[in-house]
Amino acid sequence: MSQARLMDGTALAARILEETAKRAAGLTGRTGTAPCLATVLVGEDPASVTYVKMKQNRCRKAGIISRHVALPAATTTEDLVGTLRELSADPGVHGILLQHPMGDHIDERAVFEAIAPEKDVDGVTFASFATMSFGLPGFVSCTPGGIMRLLDEYGVDPAGKRAVVVGRSAILGKPAGMLLLARDATVTYCHSRTRDLSAAVREADIVVAAVGRPRLIRGQDLKPGAVVIDAGYNAGNVGDVDFDSAVERASLITPVPGGVGPMTIATLLEQTVDAAERQLAA
Ligand code: NAP
């Protein structure tokens with residue numbers, strides 16, 4: 001069998017960001033107000049600091065204002081809820097990104113729920129999960145939303161296909177499966193308690209790897225011709241899929257890096273402009 005075609009997330013993300021920048025400029029021209037994303041960071045975890053900086057840089061390039069709120073690591077759930085409620089009520093802020101993880105002392109669900117649904121551009125609230133799972137308009141979790149865009153870009157229609165999602169985290173695996181189900185895939189979730197992962201993966205027309213274990217899924221685990229989406233990002237730029245063996249068996253595959261990764265920020269910025277358009281039209 002010939003090698004799989006690569007799904008180029010870098011190129012697609014660049015196109016989405018270009019279009020997003022045009023829409024941001026148009027909105028600013030029409031209303032005199034630029035879209036604004038508030039980024040909230042608790043503590044100084046180096047990876048989180050880097051992610052937030054990347055998001056701010058991309059905002060600047062796209063004509064989106066970013067308002068950064070840096071809070072000390074010792075911030076309580078109550079204080080964080082207060083900050084998020086203030087941002088939710090502030091008409092100058094159109095989208096809110098709360099960088100996670102935030103530390104074990106914070107009640108993650110309580111703080112996410114303090115984000116107003118109309119500003120939940122990172123798709124982390126129960127309201128967003130509900131619209132995602134019913135396939136209704138609303139904000140999607142950014143990485144799963146980016147995965148769906150990649151599938152669409154490469155002409156993969158999930159309807160009727162068997163999709164196996166490995167991982168069930170609230171920000172990635174679970175919503176990825178919900179979005180695939182909403183598009184009529186037959187979805188199986190695998191996780192750390194799954195008994196025979198290889199057997200489940202072998203059934204899949206579409207595999208989404210969202211685990212955080214380097215090269216967990218190997219070429220021999222795949223059904224020939226499967227579409228392989230590797231959302232994993234592990235030390236040394238390694239995904240959750242063993243690329244070298246998987247590329248020999250799949251029909252389409254995302255590289256790491258340059259596959260799913262760039263789609264996350266593109267989706268975040270696109271949804272920030274969506275949010276600003278809705279709020280400024282109201
Ligand atoms: P997470 O919260 O740690 O969740 C990992 C999931 O994998 C859990 O559901 C866990 O099962 C499951 N799992 C762990 N070991 C397993 C095994 N041996 N077999 C099957 N399932 C197993 O991680 P996450 O935040 O979803 O992130 C997953 C990966 O995606 C990481 O590499 C992360 O860096 C990457 N990521 C990338 C982006 C991006 O590209 N922009 C965004 C977010 C995350 P249990 O639920 O049973 O514990």
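What follows is a chat about a predicted model of a protein with a bound ligand.

Visitor: Before I read anything into this, what kind of model is it?

Guide: It is a predicted model, and the values quoted below are computed from its atoms.

Visitor: Let's begin with the ligand, then. How many residues surround it, and which are the closest?

Guide: The ligand is surrounded by 20 residues, and the closest of these are Arg168, Ser169, Ser192, Tyr233 and Thr264. Sorted by residue type, the shell consists of 8 nonpolar, 10 polar and 2 charged residues.

Visitor: Which backbone atoms come up against ligand oxygens?

Guide: A polar backbone atom of Tyr233 is 2.9 Å from an oxygen atom of the ligand, and a backbone N or O atom of Ala231 lies 3.2 Å from a ligand oxygen. There is also a contact to nitrogen, in which a backbone N or O atom of His191 lies 3.4 Å from a nitrogen atom of the ligand.

Visitor: And how much of the ligand's accessible area does the protein cover?

Guide: On its own the ligand has 930 Å² of accessible area, and the protein covers 69% of that.

Visitor: Changing topic to the sheet: what is the strand order, and is the pairing parallel or antiparallel?

Guide: The sheet is open and built from 6 strands in the order E1-E9-E8-E7-E5-E6, with parallel pairing. Its edge strands are E1 (5-6) and E6 (186-190), each of which pairs on one side only.

Visitor: How is the E6 edge held to its neighbour, in terms of bridges?

Guide: Strand E5 (residues 162-166) is joined to E6 by 5 bridges, and the two run parallel. Within that pairing, Arg162 stands opposite Thr186 in E6.

Visitor: What about E8, which residues sit on its two faces?

Guide: Strand E8 covers residues 227-230, with Val227 and Ile229 on one side and Val228 and Asp230 on the other, and all four are buried, so that both faces are covered. As a general point, side chains in a regular strand alternate between the two faces of the sheet.

Visitor: Which strands does E8 pair with, and over how many bridges?

Guide: With strand E7 (residues 206-209) E8 pairs in the parallel sense over 4 bridges, and with strand E9 (residues 252-253) E8 is joined, also in parallel, by 2 bridges. Val227 takes part in both pairings, being the bridge partner of Ile206 from E7 and having Leu252 as its own partner in E9.

Visitor: Off to the helices. Is Ala13 buried or exposed, and what does it touch?

Guide: Ala13, which lies in helix H1 (residues 9-31), counts as buried because its relative accessible area is 4%, where the limit for that label is under 20%. Leaving aside neighbours within four places in sequence, Ala13 is in contact with Pro262, Met263 and Ala266.

Visitor: Same question for Met148, buried or exposed?

Guide: Met148 belongs to helix H6 (residues 142-153) and is buried, with a relative accessible area of 9%. Not counting residues up to four places away in sequence, Met148 touches Pro158, Leu179, Leu180 and Arg183. Its C-alpha atom is 8.1 Å from that of Ala176, a residue 28 places away in sequence.

Visitor: And where is Ser128?

Guide: Ser128 is in helix H5 (residues 126-134) and is buried at a relative accessible area of 3%. Its contacts, again leaving aside neighbours within four places in sequence, are Asp120, Gly123 and Phe139.

Visitor: Now the backbone oddities. Which prolines follow a cis peptide bond?

Guide: Pro101 is one, since the bond from His100 to Pro101 is cis with omega near 5 degrees, and Pro257 is another, joined to Val256 by a cis bond with omega about 0 degrees. Pro101 is found in the loop between strand E4 (95-98) and helix H4 (108-112), whereas Pro257 is in the loop between E9 and helix H10 (261-281). For background, most peptide bonds are trans, and most residues other than glycine have a negative phi.

Visitor: So which non-glycine residues have a positive phi here?

Guide: Among them are Asp184, with phi near 70 degrees, and Asn237, with phi of about 60 degrees. Asp184 is in the loop between helix H7 (173-182) and E6, while Asn237 is in the loop between E8 and helix H9 (243-246).

Visitor: Why does Asp184 count as exposed, and Asn237 as partly exposed?

Guide: Asp184 counts as exposed because its relative accessibility is 54%, and the label calls for over 50%. Asn237 has 38% relative accessibility and therefore counts as partly exposed, which is the label between buried and exposed.

Technical notes
Residues are numbered from 1 along each chain as its sequence is written. This is a predicted model: local features need pLDDT of at least 70, side-chain atom pairs count only at pLDDT 80 or more; totals for chains, interfaces and linings use all residues. Side-chain values use heavy atoms; hydrogens and water are left out. A residue is near a molecule or strand if one of its heavy atoms lies within 4 Å of it. A polar contact is a pair of N or O atoms within 3.5 Å; within protein, one must be able to donate a hydrogen and the other to accept it, and residues adjacent in sequence count only if both atoms are side-chain atoms. Accessible areas come from the Shrake-Rupley method with a 1.4 Å probe; for residues, only the protein chains shown count as cover. Ala, Val, Leu, Ile, Met, Phe, Trp, Tyr, Cys and Pro count as nonpolar, Asp, Glu, Lys and Arg as charged, and the others, Gly among them, as polar. Buried means under 20% relative accessible area, exposed over 50%, partly exposed in between (1.4 Å probe, protein chains only). Two strands pair if DSSP finds at least two bridges between them. Contact means heavy atoms within 4.5 Å.
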